[in-house]
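Trainee: I have a new structure open and would like to learn how to read it. Could you take me through a few of its features?

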Amino acid sequence: MRPTFDQAKVILAKHTTEAHLFSHALAVSAAMSAMAEHFGEEPEAWRVLGYLHDVDYEKYPDEHCSHVAELLSPEGMDEADIRAIRAHGYGICSDIEPQSNLEKALFTVDELTGIVSAASLMRPEGITTLNLKSFMKKFKDRRFAAGCDREIILRGCEMLGMEIQEVAEIVIRGMQAETEALGLGPREA
């Protein structure tokens, strides 16, 4: 069983208290919804997994992805969904290699949403006018949002058989759909 998005919010709130983790969860869920549309999959399902992808991070930062099953199995989540969440840490904190488009997308967009968010915060109009050219300029500047691992993003794009530009456009579009909830709208003067 896969929870609804509203149920996913309740589940994450059981294990997470830090505001930035909720913002990140929402960004990844928005990106995953857009990626699902790109692949002709069910956006709500991918959105839920994007929202829950860091469910064990706050409680177990040094063992991230290792406690996903113990937190989500009691919620009725199936093994395939738990595997997808665990695979997003491939090569970092998990040895589960992403296989499906869902798993590869989650691996890729996790880091990518951080750069998109940071680039949006630098603009007076926020994410509403962020375009690919502006994003790519920030992406290529490794000092910008330096904590976001570009090699992971590029490896994920390669797994997906897509160029960074294509994935970034999809992610930006997905996050723009959640502009208000993400707090990435125009700043007041």
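Mentor: Happily; we will look at helix packing, one helix with two sides, some backbone angles and a few single residues. Keep in mind that this is a predicted model.

Trainee: Let's begin with packing. What is the angle between α6 and α8, and how far apart are their axes?

Mentor: The general idea is that two packed helices are described by the angle between their axes and the distance between the axes. Here α6 and α8 pack at an angle of about 150°, and their axes are 8 Å apart. Since angles over 145 degrees count as roughly antiparallel, that makes α6 roughly antiparallel to α8. The crossing of α6 past α8 is left-handed.

Trainee: Which residues of α6 and α8 meet?

Mentor: On the α6 side they include Phe-107, Leu-112 and Ile-115, and on the α8 side Ile-152, Ile-153 and Leu-160. Charged residues take part too, among them Lys-104 and Glu-111 in α6 and Arg-150 and Arg-155 in α8.

Trainee: How do α2 and α9 cross?

Mentor: Helix α2 covers residues 19-38, and its axis comes within 7 Å of that of α9, crossing at roughly 120°. The two helices are therefore oblique to each other. This time the crossing is right-handed. In α2, the residues that meet α9 include Ala-27, Ala-30, Ala-31 and Ala-34. Their partners in α9 include Val-167, Ile-170, Val-171 and Gly-174.

Trainee: Now a single helix. Which residues of α7 are buried?

Mentor: For a question like this, compare accessibility with position around the helix. In α7, residues 132-140, the buried ones include Phe-135, Met-136 and Phe-139. They cover an arc of only 100° around the axis, which puts them on the same side of α7. Lys-133 and Lys-137 are exposed on the other side.

Trainee: What covers the buried residues of α7?

Mentor: The cover includes α6 (101-121), α8 (150-160) and α9 (164-176). So α6 and α8, the pair we began with, both belong to that cover.

Trainee: What happens at the start of α7?

Mentor: There, a side-chain oxygen of Asn-131 reaches to within 3.3 Å of the backbone nitrogen of Lys-133.

Trainee: Next, backbone angles. Which sign does phi mostly have in residues other than glycine?

Mentor: Most residues other than glycine have a negative phi. Cys-65 is not a glycine, yet its phi is positive, about 80°. Cys-65 sits in the loop between α3 (43-52) and α4 (68-72). Ala-145 also has a positive phi, near 45°, and is found in the loop between α7 and α8.

Trainee: Is Cys-65 buried or exposed?

Mentor: Compare the relative accessible area with the cut-off: under 20% is buried. Cys-65 has 1%, so Cys-65 is buried.

Trainee: And where does Ala-177 lie?

Mentor: Ala-177 is in the loop between α9 and α10 (179-182). With a relative accessible area of 64%, Ala-177 is exposed. Its C-alpha atom is 9.1 Å from that of Thr-128, although the two residues are 49 residues apart along the chain.

Trainee: One last residue: what is Ile-11 in contact with?

Mentor: Ile-11 is in helix α1 (residues 5-15) and counts as buried at 3% relative accessibility. Leaving aside neighbours within four places in sequence, Ile-11 is in contact with Pro-3, Leu-52, Leu-72 and Glu-75. Ile-11 and Glu-75 are 64 residues apart along the chain, and their C-alpha atoms are separated by 7.8 Å.

Definitions and conventions:
Residues numbered from 1 in each chain as written. Predicted model: local features only at pLDDT ≥ 70, side-chain atom pairs only at ≥ 80, totals over all residues. Heavy atoms only, no water. Buried < 20%, exposed > 50% of the residue type's maximum accessible area, 1.4 Å probe, protein only. Helix = DSSP H or I, 4+ residues; strand = E, 2+ residues; numbered from the N terminus. Arc of directions from axis to C-beta. Contact = heavy atoms within 4.5 Å. Polar contact = N/O pair within 3.5 Å; in protein donor to acceptor, adjacent residues only side chain to side chain. Axes fitted to C-alpha atoms, helices over the stretch in contact; angles between N-to-C directions. Parallel < 35°, antiparallel > 145°, perpendicular 65-115°, else oblique. Left-handed = near helix turned anticlockwise from the far one by under 90°.
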